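Thanks for sharing this one. Here are my notes, as numbered points, to read alongside the structure.

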Amino acid sequence: AVRGQALLVKLGGQSSGSHEHMYTDRFPDRVSSMAMCPQDNNIIAFGVPLPRATPHLLAAAGAEPTYTAAVGSPDFASTGLSVSRSSTIEVINFAQSSKLQVLRTKHKEDILKVDYSPESSCLVSVSADCVQLWRTGEPSAPVTGVVETEPLTTLELPLGVRVRIAKVHPDWKSILVATGEAIEVRSLNGAVDPSRRSDAATISALLSLLWRRENMQVTAAAIIEHGTKLAVSDRGDRLLILNYNGLEPVKTFDLPWGYLQQPPSPTISARRVCTVTAISECPDVNLHQGDWRDGGLITVASSRGEVMLLKVA
């Protein structure tokens with residue numbers, strides 16, 4: 001998404017020079033997040049932010065200020081407008097130019113992340129105020145990627161607590177959630193297991209707290225080393241490597257930009273707080289003929305535009 005507009009970019013092959021605008025007429029006008037369905041990459045789930053409903057819009061729709069009307073419902077068909085006070089999830093098959101679903105959510109703020117499980121049996125959606133877990137239809141369902149209208153479970157954050165970052169573990173057994181002052185790992189265990197789709201104990205445990213570490217001012221995070229470690233920023237000048245299970249610290253790196261005496265350019269104030277904006281694992285980098293092959297590497301970017309490479313293993 002670029003400035004709220006979804007673009008489909010073709011990587012490789014021949015193009016006419018306008019490939020970055022392919023299919024934009026089939027996407028929502030404004031999006032905050034998106035996820036391709038792994039089982040059918042013609043199907044994309046979009047997090048769609050909505051303006052607050054106005055009284056005259058509600059009156060025109062003949063509805064109370066509740067969640068958005070589903071495609072095909074009388075409210076949607078009669079007005080063509082949403083009367084939601086929450087963000088929605090739109091599921092679109094762009095190859096067929098068809099909107100498959102407008103999903104009602106409890107996200108009162110923009111959806112920061114949507115993500116399908118690898119076999120497309122579940123979808124997670126995250127906003128600053130809420131985390132919801134959804135299940136798609138049975139594997140034999142005629143349309144892949146369409147989500148059941150009621151969530152499996154919902155985690156609503158307490159007033160004053162806001163999600164800043166969410167990362168789903170590669171094995172889809174848990175999700176990392178970072179707020180302003182803590183990081184948490186919450187359970188997704190059993191969500192993607194077909195044999196446990198109707199198990200009440202499994203469903204009740206979804207999004208339950210597994211581990212929590214407080215007093216963490218996290219601005220970026222990455223799950224690394226095949227899901228066994230977690231790299232997180234702490235303030236603007238320190239990087240922590242934690243064991244994913246238990247969130248116990250393993251290693252600390254002091255980042256040099258926390259001590260810069262001069263701003264990197266005349267346009268940037270030296271007093272401006274420098275934070276970590278992105279962390280990414282790059283396990284296949286070979287700098288010196290295999291010298292670093294035995295350990296993982298991560299890149300860390302700062303809000304001042306600097307990037308550094310660290311060996312974490």
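1. Tyr-244 is a good place to begin: in this predicted model, its relative accessibility is 2%, so Tyr-244 counts as buried, the cut-off being under 20%. Its ring belongs to the one aromatic pair that turns up in the count. The partner is Trp-211, with ring centres 6.5 Å apart and planes at 80 degrees, so the arrangement is edge-to-face. The two residues come from distant parts of the chain: Trp-211 sits in strand E12 (residues 209-214), while Tyr-244 is in the loop between strand E15 (238-243) and strand E16 (249-254), 33 residues apart. Unlike buried Tyr-244, Trp-211 is partly exposed, with a relative accessible area of 27%.

2. Staying close to E12 in the chain, have a look at Met-216, in the loop between E12 and strand E13 (221-224). Is Met-216 buried or exposed? At 3% relative accessibility, Met-216 counts as buried. Setting aside neighbours within four places in sequence, Met-216 is in contact with a run of residues that includes Thr-179, Gly-180, Glu-181, Ala-182 and Ile-183. Val-232, Ser-233, Asp-234 and Leu-240 are also among the contacts of Met-216. The C-alpha atoms of Met-216 and Ala-178 are separated by 8.6 Å, although these positions lie 38 residues apart in chain numbering.

3. Now the salt bridges, of which the whole structure has eight. Glu-184 and Arg-212 form one of them, and their closest N and O atoms are 2.2 Å apart. This pair again links distant parts of the chain, with Glu-184 in strand E11 (residues 182-187) and Arg-212 in strand E12, 28 residues apart. Glu-184 is buried, with a relative accessible area of 10%, whereas Arg-212 is partly exposed at 40%. Through shared partners, Glu-184, Arg-186, Arg-212 and Glu-214 are joined into one network of salt bridges.

4. Two further salt bridges deserve a look. Arg-162 and Glu-109 meet through their side chains at 2.7 Å, N to O. Arg-162 is in the loop between E8 and E9, and Glu-109 is in the loop between strand E4 (98-104) and E5, so this bridge ties together parts that are 53 residues apart in sequence. Both ends are partly exposed: Arg-162 has 43% relative accessibility and Glu-109 has 30%. The side chains of Arg-135 and Glu-148 also meet in a salt bridge, at 3.8 Å, N to O. Arg-135 lies in strand E7 and Glu-148 in the loop between E7 and E8, so parts 13 residues apart in sequence are tied together. Here Arg-135 is buried at 12% relative accessible area, and Glu-148 is partly exposed at 31%.

5. Strand E7 also takes part in an open sheet of four strands, in the order E5-E6-E7-E8 and with antiparallel pairing. Which strands stand at the edges? They are E5 (111-116) and E8 (153-156), each with a single partner strand, so one side of each has no neighbour in the sheet. From one strand to the next, the twist averages 10 degrees. In the middle, E6 and E7 pair over six bridges, and Leu-123 has Trp-134 in E7 as its bridge partner.

6. The largest nonpolar core has 18 residues, and those touching the most other members are Val-124, Val-126, Leu-133, Trp-172, Ile-175 and Leu-188. At least two residues of this core come from each of E6 (122-127), E7 (130-135), E9 (165-168) and E10 (174-178). E6 supplies the largest share, three residues. Beyond its sequence neighbours within four places, Trp-172 is in contact with residues including Tyr-116, Pro-118, Val-124, Leu-133 and Leu-188. Apart from this core lies another, of 17 residues, among them Ala-220, Ala-222, Leu-239 and Val-300.

7. Finally, there is an open sheet of three strands, ordered E17-E18-E19 and paired antiparallel. E17 (276-281) and E19 (307-311) are the edge strands, each with a single partner, so one side of each is left without a neighbour in the sheet. The average twist from one strand to the next is 20 degrees. Five bridges join E17 to E18 (residues 297-302), and Glu-281 stands opposite Ile-298 in E18.

Terms used:
Residues numbered from 1 in each chain as written. Predicted model: local features only at pLDDT ≥ 70, side-chain atom pairs only at ≥ 80, totals over all residues. Heavy atoms only, no water. Core = buried A, V, L, I, M, F, W, Y, C linked by side-chain atoms within 4.5 Å. Buried < 20%, exposed > 50% of the residue type's maximum accessible area, 1.4 Å probe, protein only. Contact = heavy atoms within 4.5 Å. Pairing = 2+ DSSP bridges. Axes fitted to C-alpha atoms, helices over the stretch in contact; angles between N-to-C directions. Phe/Tyr/Trp six-rings, centres within 6.5 Å; stacked < 30°, edge-to-face > 60°. Salt bridge = Lys/Arg side-chain N within 4 Å of Asp/Glu carboxyl O.
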